[in-house]
Amino acid sequence: MKILVLIGNVPDTTTKIKFNADKTAFDAAGVQWIINPWDELALTRAMELKEAPGSSIESITVANVGRQETEATLRKALAIGADKAIRVDADAQDAFYVANQLAQIAGGFDLIFAGVEASDYNGAAVGGMLAELLGIQSVSAVSGLLVEGNSIKITREIEGGSQTVGVVTPVVAIVQKGIAKEPRIPAMRGIMMARSKPLEVVNPVATETRVSFVSFDLPPAKANCKKFTEEQGKELINALREEAKVL
Amino acid sequence: MSVLIYVDNTDGKFKKAGFEAASYGAAIAQQAGMKAVAVSLGKVDAAELQKLANYGINNVMSSADERFASMDNQAAAKALAVAAIQCNAEIIVLAHNNLGKAIAPRLSVKLQAGLVTNVTGLPTSLSPFTVNKNVFTGKAVGHTTIHTPVKVLTLSYNSFGLVEKTTDLVVESFDTGLGQADFGLNVEQTQQVTGKILLSEAEIVVAGGRGMKGPENWSGIEELASVLGAGTACSRPVSDEGWRPHGEHVGQTGKIIAPNLYFALGISGAIQHLGGVSGSKVIVAVNKDPDAPIFEAADYGIVGDVMKVLPQFIEAAKELKG
Ligand SMILES: Cc1cc2nc3c(=O)[nH]c(=O)nc-3n(C[C@H](O)[C@H](O)[C@H](O)COP(=O)(O)OP(=O)(O)OC[C@H]3O[C@@H](n4cnc5c(N)ncnc54)[C@H](O)[C@@H]3O)c2cc1C
């Protein structure tokens with residue numbers, strides 16, 4: 001069985017969000033880039049599956065759509081333990097553009113992991129679009145995954161509970177919290193080995209842009225916090241009723 | 001032309017997110033001079049379908065095919081595409097809940113439609129079609145334009161609210177034409193949490209962080225929540241340490257919520273936590289550290305010991321509700 005893990009390259013989660021002067025684009029100056037947190041958990045789960053006794057996983061490939069500067073993030077994924085990386089050399093336009101690029105390289109994989117969303121534009125769309133383009137099943141809100149022969153057993157979150165489902169490969173698993181406990185951190189040995197692992201660069205296919213960002217805004221600053229003393233718990237609750245009108 | 005709204009059900013019952021999507025879709029339909037058509041997949045009885053008449057829906061297309069209970073995303077997207085073509089839908093609205101998020105991308109590919117997820121309000125312009133969405137997990141808003149003739153939107157929780165508007169609802173049953181081969185998901189087991197207010201539906205949420213010191217102190221949080229009819233939540237370290245179940249973890253890597261009222265008790269207000277709760281209309285913080293970042297996001301606050309303040313909250317809430 002061959003696994004593909006989609007790797008988003010996103011600003012570190014502590015990044016202070018700012019935009020350029022005319023507010024048409026994210027200002028990336030000084031930003032640290034990381035593997036999208038859910039993709040990192042997905043890769044961790046893929047590694048666990050591969051290392052399990054009697055595992056049928058032959059290889060783990062990671063893929064990303066981005067320019068050369070995103071290679072550091074792919075190298076990190078290789079250092080965590082992926083066998084091979086593919087980068088589609090293009091600027092990500094919108095979710096459909098990204099999914100359509102990935103569809104060119106995703107044929108032939110049995111299990112494809114995507115994150116529930118990317119922590120930058122919160123699109124929550126690439127995994128589902130890719131599955132539709134490939135004409136295969138997708139299961140979303142995945143918080144647990146086991147491989148049993150050519151069938152995959154998945155735990156997913158549903159409104160107000162959870163559910164275990166079985167599905168045959170190929171399938172796209174769109175994962176969230178719970179899929180792995182802690183993301184793996186590359187070890188020194190992994191970092192050394194990553195340097196010699198294959199990183200293939202492929203050209204993009206022409207794809208129309210369906211959605212674009214016109215501009216961005218930061219949310220309006222909050223008015224000052226109204227403070228009460230440690231003895232005034234009751235007064236605060238009353239203010240929620242009388243003033244804020246939320247009780 | 002119409003606006004098509006997918007209203008999903010759990011065991012035959014619609015939820016608040018579905019009614020909110022209906023309210024939102026009906027408002028766009030009015031703005032654009034179109035019909036508001038809802039679509040329902042799976043067994044939902046007439047009385048339940050009739051509830052959509054309270055939220056401005058003109059027509060409901062209902063497929064009572066029980067196979068949709070498996071929540072097979074591929075099959076549901078196929079069925080919704082059939083509905084969209086039948087009612088000549090130009091705009092399709094889904095809730096940004098687990099199911100809506102899963103189906104919308106597939107549906108948009110089928111219809112060659114532009115997709116914007118996590119939408120926070122009505123279109124600011126119909127031509128070009130421009131709508132706002134949450135980006136950077138609530139830390140900013142993006143203004144997006146969709147260039148395709150057909151558009152798919154998912155609506156962020158509690159961003160539009162329920163808008164009551166009574167209509168003469170026409171219910172039609174509709175045949176999706178799906179065969180057995182279209183369903184590929186085998187449901188083995190389902191666990192529903194009962195008797196608890198769902199975080200995604202809760203209008204009030206009471207959350208605790210590491211400042212609560214240990215799981216034994218959660219009885220106060222649960223009591224306040226039960227008096228207020230609120231849901232309970234926690235910060236990530238609290239669920240990581242197993243003090244509370246993972247389903248309660250809110251924030252950037254947990255659940256994103258936007259209740260009318262959010263209590264942050266013993267929560268420092270780290271940027272990743274705020275990302276998941278900053279959409280709340282009113283935030284109350286209790287923290288013994290006057291410099292805790294949570295006070296920058298809060299509307300009301302007490303600098304003090306949560307163990308002393310929480311009992312006062314409970315008593316005051318009992319008086320209010322009593
Ligand atoms: C990639 C990534 C993703 C993350 N995602 C999330 C996420 O989704 N959600 C999330 O919550 N965190 C997330 N975090 C973790 C986040 O950075 C913080 O570590 C976390 O939110 C802190 O939780 P806390 O506020 O409960 O604990 P602490 O930061 O330990 O804060 C405890 C607070 O309680 C106060 N306190 C202590 N005793 C009392 C008392 N008796 N009375 C009143 N106040 C008291 C303290 O002053 C302190 O402010 C993420 C981190 C990373 C790196």
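Me: Before we look around, what counts as a polar contact here?

Reply: A polar contact is a pair of N or O atoms within 3.5 Å. Keep in mind that this is a predicted model.

Me: What makes B:His273 a polar contact of the ligand?

Reply: An oxygen atom of the ligand is 2.8 Å from an N or O atom in the side chain of B:His273. The cut-off is 3.5 Å, so this pair qualifies.

Me: Which other residues can be put to that test, B:Ser235 for one?

Reply: The side chain of B:Ser235 has an N or O atom 2.5 Å from an oxygen atom of the ligand. With B:Val250 the backbone takes part: one of its polar atoms is 2.9 Å from a nitrogen atom of the ligand. Both distances are within 3.5 Å, so both pairs are polar contacts.

Me: Where does the ligand lie, and which residues come nearest?

Reply: The ligand lies between chains A and B. There are 26 residues around the ligand, and B:Lys213, B:Ser235, B:Ser268, B:Gln272 and B:Asn287 come nearest.

Me: Why is the pair B:Asp299 and A:Lys222 called a salt bridge?

Reply: The closest N and O atoms of B:Asp299 and A:Lys222 are 2.7 Å apart. The rule asks for a Lys or Arg nitrogen within 4 Å of an Asp or Glu carboxyl oxygen, so the name fits. Across the interface of chain A and chain B, seven salt bridges are found; over all chains, the count is 30.

Me: What makes A:Glu200 and A:Lys84 a salt bridge too?

Reply: Their side chains meet with N to O at 3.0 Å, and the limit is 4 Å, so the pair passes. This one links distant parts of the chain: A:Glu200 is in strand 11 and A:Lys84 in strand 5 of chain A, 116 residues apart.

Me: How do you know that strand 12 of chain A pairs with strand 10 of chain B?

Reply: Pairing needs at least two DSSP bridges, and six join these strands, so they count as paired. They run antiparallel, and A:Asp217 stands opposite B:Val141.

Me: How much area do chain A and chain B bury between them?

Reply: About 7,100 Å², with 54% of it on carbon and sulfur atoms. The contact takes 80 residues from chain A and 94 from chain B. Between the two chains there are 46 residue pairs in polar contact. The side of chain A that touches chain B divides into 36 nonpolar, 25 polar and 19 charged residues.

How values were computed
Residues are numbered from 1 along each chain as its sequence is written. Chains are lettered from A and ligands numbered from 1 in the order in which they are written. This is a predicted model: local features need pLDDT of at least 70, side-chain atom pairs count only at pLDDT 80 or more; totals for chains, interfaces and linings use all residues. Side-chain values use heavy atoms; hydrogens and water are left out. Contact means heavy atoms within 4.5 Å. Buried area is the accessible area (1.4 Å probe) that two parts lose on being put together, summed over both. A polar contact is a pair of N or O atoms within 3.5 Å; within protein, one must be able to donate a hydrogen and the other to accept it, and residues adjacent in sequence count only if both atoms are side-chain atoms. Ala, Val, Leu, Ile, Met, Phe, Trp, Tyr, Cys and Pro count as nonpolar, Asp, Glu, Lys and Arg as charged, and the others, Gly among them, as polar. Helices (H or I, at least four residues) and strands (E, at least two) are DSSP runs, numbered from the N terminus. A residue is near a molecule or strand if one of its heavy atoms lies within 4 Å of it.
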